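User: Could you take a close look at the aromatic contacts in this one? I'd like a connected walk through the ring pairs, with geometry and burial.

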Amino acid sequence: MKNFTIGAATLLALAATGAQAQDVTLRLAHWLPPQHAVPQTGMQEWMDSITADSGGTITFEVFPAQQLGAAPDHYDMTRDGIADIGYVNPGYTAGRFPIYELTGVPFLATDGPNAAKAIHEWYAGDYAEKEMGDVHFCLVNPHEPGRFHGKAEIKVPADVKGLNVRPAHSTMARFVASLGGASVQVPAPEAREALARGTADAVTFPYEAMKVFNVAEETKFHNDMPLYLSSQVLLLNNDSYDGLSAEQKAVMDAHCTPEWSKKFSEGWAEYDKGVREEILNNPEHTVYTPTDEEVALWREAAIPTLDAWKADVSAAGSDPDAILEGLRAALDANGVLYK
């Protein structure tokens, strides 16, 4: 059988001729550097497993580092068939996915992989169909809880006032603004340059980003309080998915599950923990652990961000309290609800 690179137009033609059973090469686009933990671990394991389980009839061509388009464009690239599969940060497009933006509100989840499973269980189905119905929802991939990292110490919420902060996503941008800071909106790969040029004083990142994006060279002070998640999603172009044979769809479906969301996220979490230990043991860095009283200040400071999210979801015609309770229940059932 002839091997080809699949795309929306090609798949429609194949559907018309009944040739969907041919071997396919799916184009997967992401915005991370190739050496990042996600493409090196969970993403590669996921692709290898699909290729093996499909008997070699599904293979992948990977386009990293924004090669097919800017990080915020990856949803539209996937929807439009520029990529067959897109690795998307929904928080890069503020207000577009108001229900999903709940995943970035501070003080919800205590780890990445189990939160990935919980978020998948909560969001897949009605919520994904409502907000992301023009693509095929597959996986959730959050990092370990992110923290504040800066050029000077950030111990309590008041320390953010007057700072320029590169936030992880739109929800953290709102949080920073509520504390009196200003957001520097650049994708993760451009954060170090913003710090080096002085346009940013701090970032919200997981520890692994300190190493992968060389941000540790610019930020020597770290608040070690787990704060928030940035939950990426892996999405398929609808025509690309529909053009797979029944057997190939079954393989893909078996790799688009809550269990695979967890598995996909485990390597990233392990890498993050390793980088955290490196920074804790590096005398050039200062790592601060807030007291219980200071954590209480942070949690109180996060209430307006949650309230603003509720207002957005209400304006979009959904019930924020029911949605919030659903996510909290899923996180609790998976043992990762922030209490």
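**Aromatic contacts up close**

Analyst: Let's start with Tyr338, which at 16% relative accessibility counts as buried because the cut-off is under 20%. Bear in mind that this is a predicted model. The ring partner to look at here is Phe107: the two ring centres are 5.2 Å apart and the planes sit at 85°, so this pair is edge-to-face. Phe107 counts as buried too, with a relative accessibility of 7%. The contact ties together distant parts of the chain, 231 residues apart. Phe107 is in the loop between β4 (85-88) and α5 (113-123), whereas Tyr338 is in the segment after α15 (320-333).

Now for another pair, Trp122 and Tyr127. Their centres lie 5.5 Å apart with the planes at 55°, so this one is tilted, given that edge-to-face needs an angle over 60 degrees. Burial splits the two partners: Trp122 is buried at 8% relative accessibility, while Tyr127 is partly exposed at 23%. Both rings belong to one aromatic cluster, which also takes in Tyr100, Tyr123 and Phe137. Across the model, the tally of aromatic pairs comes to 14.

Rings also meet charges here. Lys263 has its charged end over the ring of Trp260, 4.7 Å from the centre. Likewise, Lys155 lies over the face of Tyr288, with 4.9 Å to the ring centre. Residue 288 takes us to a sheet as well, since β12 spans 286-288 and is one of its edge strands, β8 (182-183) being the other.

Notes:
Residues numbered from 1 in each chain as written. Predicted model: local features only at pLDDT ≥ 70, side-chain atom pairs only at ≥ 80, totals over all residues. Heavy atoms only, no water. Pairing = 2+ DSSP bridges. Helix = DSSP H or I, 4+ residues; strand = E, 2+ residues; numbered from the N terminus. Phe/Tyr/Trp six-rings, centres within 6.5 Å; stacked < 30°, edge-to-face > 60°. Buried < 20%, exposed > 50% of the residue type's maximum accessible area, 1.4 Å probe, protein only. Lys NZ or Arg CZ within 6 Å of the ring centre and 35° of its normal.
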